[in-house]
Amino acid sequence: SSAPPPCPKERDPAQPRTRGRLKGACMTCLSGAKPHVCNQKQVVYFIQCRECGEQYIGETDCKLELRIVQHLGEARNSRADKPWGRHMIRHHPHVNIPLQHTIFSNVSVVAREGDSARRKLRRALEIRARRPTINVSAGWALL
């Protein structure tokens, strides 16, 4: 398979910076992901909380960058109905995540899988193996 395109938000020295962060910076890249991971689609991924080290395993059909931004919004807005929002409410109620900053670290792709059912199964297997504490459900029930 071909390599994903480069991150469209990779740092250009001519671009302005905002409070030590690149204006319009890619949240996936700022979260410690390897180059070009943000553009990958159809992946099972790992995220670690920068504040406490707790972990989350997810899967997405869309670009990983979009999913990371969605999780970040859930955390920023303390969405009690979402895993990252619930985590922030329970463990970091006084942490404010400024725009162009992230609470995530060590974002990585665990597996790439084009088939949705196989991707969901792989996520469930990873959750069983790693026992991440931020996940609300174990994904698909495994026998």
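A salt bridge here is a side-chain nitrogen of Lys or Arg within 4 Å of a carboxyl oxygen of Asp or Glu. With that in hand, we can start from one such pair: the side chains of Lys 120 and Glu 59 meet in a salt bridge, at 2.8 Å from N to O. This pair links distant parts of the chain, with Lys 120 in helix α4 and Glu 59 in strand β4, 61 residues apart. Please keep in mind as you read that the model is predicted.

## The sheet

To place that pair, let us look at the strands. An open sheet is formed by 3 strands in the order β4-β3-β5, and their pairing is antiparallel. The edges are taken by β4 (55-60) and β5 (104-112); each has a single partner strand, so one side of each is left without a neighbour in the sheet. On average, and ignoring direction, neighbouring strands of this sheet are turned by 20° against each other. As background, strands of a sheet pair through backbone hydrogen bonds, either parallel or antiparallel.

Strand β3 covers residues 43-49 and is joined to β4 by 6 bridges, the two running antiparallel. In this pairing, Gln 48 stands opposite Gln 55 of β4.

## Helices on the sheet

Helix α3 (residues 83-91) packs on the sheet and touches β3, β4 and β5, while its direction makes about 10° with that of β3. Helix α4 (residues 116-130) also lies across β3, β4 and β5, and runs at about 170° to β4.

Which residues of α3 are buried? They are Pro 83, Trp 84, Gly 85, His 87 and Met 88. The cover over the buried residues of α3 includes β3, β4, α2 and β5.

## Charged pairs around α4

How many salt bridges does the structure hold? There are 7 in the structure. Three of them involve residues mentioned in this report, and the table lists their closest N and O atoms.

| Basic residue | Acidic residue | N to O distance |
|---|---|---|
| Lys 120 | Glu 59 | 2.8 Å |
| Arg 119 | Asp 61 | 3.6 Å |
| Arg 130 | Glu 126 | 2.8 Å |

The partners can be compared by how far they are open to solvent probes. Lys 120 counts as partly exposed at 27% relative accessibility, whereas Glu 59 is buried, with a relative accessible area of 18%. In the second pair, Arg 119 lies in helix α4 and Asp 61 in the loop between β4 and α2 (64-76), so the salt bridge ties together parts that are 58 residues apart in sequence. Arg 119 counts as buried at 3% relative accessibility, and Asp 61 as partly exposed at 45%.

The third pair stays inside one helix. Arg 130 and Glu 126 are 4 residues apart in helix α4, which means they are separated by about one helical turn. An α-helix has 3.6 residues a turn, so residues three or four places apart point the same way. Arg 130 counts as partly exposed, with 37% relative accessibility, while Glu 126 counts as buried at 11%. Turning back to the other two pairs, salt bridges that share partners join Glu 59, Asp 61, Arg 119 and Lys 120 into one network.

Glu 126 has further company: leaving aside residues up to four places away in sequence, it touches Val 44, Ile 57, Val 110 and Arg 131.

## Where α2 meets α3

Helices α2 and α3 pack at an angle of about 35°, and their axes are 7 Å apart. Their crossing is right-handed. On the α2 side, His 71, Glu 74 and Ala 75 take part, and they meet Trp 84, Gly 85 and Met 88 in α3. The residues of this contact divide into 3 nonpolar, 2 polar and 1 charged.

Is Ala 75 buried or exposed? Ala 75, which lies in helix α2, is buried, because its relative accessible area is 2% and the cut-off for buried is under 20%. Not counting residues up to four places away in sequence, Ala 75 touches Trp 84, Gly 85, Met 88 and Ile 97. The C-alpha atoms of Ala 75 and Ile 103 are separated by 8.3 Å, although these residues are 28 apart along the chain.

Terms used:
Residues are numbered from 1 along each chain as its sequence is written. This is a predicted model: local features need pLDDT of at least 70, side-chain atom pairs count only at pLDDT 80 or more; totals for chains, interfaces and linings use all residues. Side-chain values use heavy atoms; hydrogens and water are left out. Two strands pair if DSSP finds at least two bridges between them. Axes are lines fitted to C-alpha atoms, for helices over the stretch in contact, and angles run from 0 to 180 degrees between N-to-C directions. Contact means heavy atoms within 4.5 Å. Buried means under 20% relative accessible area, exposed over 50%, partly exposed in between (1.4 Å probe, protein chains only). A crossing is left-handed if the near helix is turned anticlockwise from the far one by less than a right angle, and right-handed if clockwise. Ala, Val, Leu, Ile, Met, Phe, Trp, Tyr, Cys and Pro count as nonpolar, Asp, Glu, Lys and Arg as charged, and the others, Gly among them, as polar.
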